[in-house]
Amino acid sequence: MSERPRNFEEHRFMGDKRTMRVHDLDNATRECGIEDILAAESYLAFGPDTMPEARNRCYHPCRHCQPVDEVA
Ligand SMILES: [Zn+2]
């Protein structure tokens, strides 16, 4: 998946309100289920459009499209 959804062209990070996960659209994979999020209209954009902002809102990075730093 190389293209961002049309209504998310201006955003890189997409939150899913159902799972509280945030996806990096530039690295999204089929596993992310971006189309499913769009179909359910459970997406959320962040402002600023950054990972720290997503984390501030208690969203967790999706392991399919972002390297996960697990601190044990
Ligand atoms: Zn993802």
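Here are some short exercises on this structure, each with a worked solution.

This is a predicted model, so keep in mind that local features need pLDDT of at least 70 and side-chain atom pairs count only at pLDDT 80 or more, while totals for chains, interfaces and linings use all residues. Residues are numbered from 1 along each chain as its sequence is written.

**Exercise 1. Work out what pattern of helices and strands the protein follows along the sequence.**

Step 1: Get the vocabulary straight. Helices (H or I, at least four residues) and strands (E, at least two) are DSSP runs, numbered from the N terminus.

Step 2: Count them up. You'll find two helices and four strands.

Step 3: Read along the sequence, and the pattern comes out as β-β-α-β-α-β.

**Exercise 2. Find the order of the strands in the sheet, and say how they pair.**

Step 1: Know the rule. Two strands pair if DSSP finds at least two bridges between them. As background, strands of a sheet pair through backbone hydrogen bonds, either parallel or antiparallel.

Step 2: Start from β1 (residues 13-16). Four bridges link β1 to β2 (residues 21-24), and these two run antiparallel. In this pair, Asp16 sits opposite Arg21.

Step 3: Look at the other partner of β1. Three bridges tie β1 to β3 (residues 43-45), again antiparallel. Here Gly15 has Leu44 as its bridge partner.

Step 4: Move on to β2 and β4, which pair in the parallel sense over two bridges. Arg21 stands opposite His60, and Val22 has Pro61 as its bridge partner.

Step 5: Put it together. You get an open sheet of four strands in the order β3-β1-β2-β4, with mixed pairing. β3 and β4 (60-61) are at the edges with a single partner strand each, so one side of each has no neighbour in the sheet.

**Exercise 3. Decide whether Leu25 and Arg18 are buried or exposed.**

Step 1: Learn the cut-offs. A residue is buried if 20 or more other C-beta atoms (placed from the backbone) lie within 10 Å of its own, exposed if 12 or fewer, and partly exposed in between.

Step 2: Try Leu25, in the loop between β2 and α1 (34-40). Leu25 has 21 C-beta neighbours inside 10 Å, so it counts as buried.

Step 3: Check who touches Leu25. Two residues are in contact if their C-beta atoms, placed from the backbone, lie within 7 Å. Leaving out residues up to four places away in sequence, Leu25 touches Arg4, Phe8, Arg12 and Met14.

Step 4: Now take Arg18, in the loop between β1 and β2. Arg18 has 11 C-beta neighbours inside 10 Å, so it counts as exposed. Setting aside neighbours within four places in sequence, Arg18 is in contact with Ala40 and Ser42.

**Exercise 4. Find which residues have the most contacts inside the largest nonpolar core.**

Step 1: Pin down the term. A nonpolar core is a set of buried Ala, Val, Leu, Ile, Met, Phe, Trp, Tyr and Cys residues joined through C-beta atoms within 7 Å.

Step 2: Look at the largest one, which has 13 residues. Those with the most contacts inside it are Phe13, Met14, Val22, Ala28, Cys32, Ile34 and Ala54.

Step 3: Ask where the core residues come from. β1 and α1 each supply at least two of them.

Step 4: Take a closer look at β1. Phe13 and Gly15 point one way, Met14 and Asp16 the other, and all are buried.

**Exercise 5. Spot the unusual backbone spots in the loops.**

Step 1: Look for a cis peptide bond. One joins Gly47 and Pro48, with omega about 0°. Pro48 lies in the loop between β3 and α2 (51-56).

Step 2: Look for positive phi in residues other than glycine. Glu41 has phi near 55°, and sits in the loop between α1 and β3. Glu41 is exposed, with 7 other C-beta atoms within 10 Å.

Step 3: Find another one. Cys58 has a positive phi of about 70°, and lies in the loop between α2 and β4. Cys58 is exposed too, with 9 other C-beta atoms within 10 Å.

Step 4: Check the hairpin of β1 and β2, which has four residues between the strands. There, Met20 takes a positive phi near 60°.
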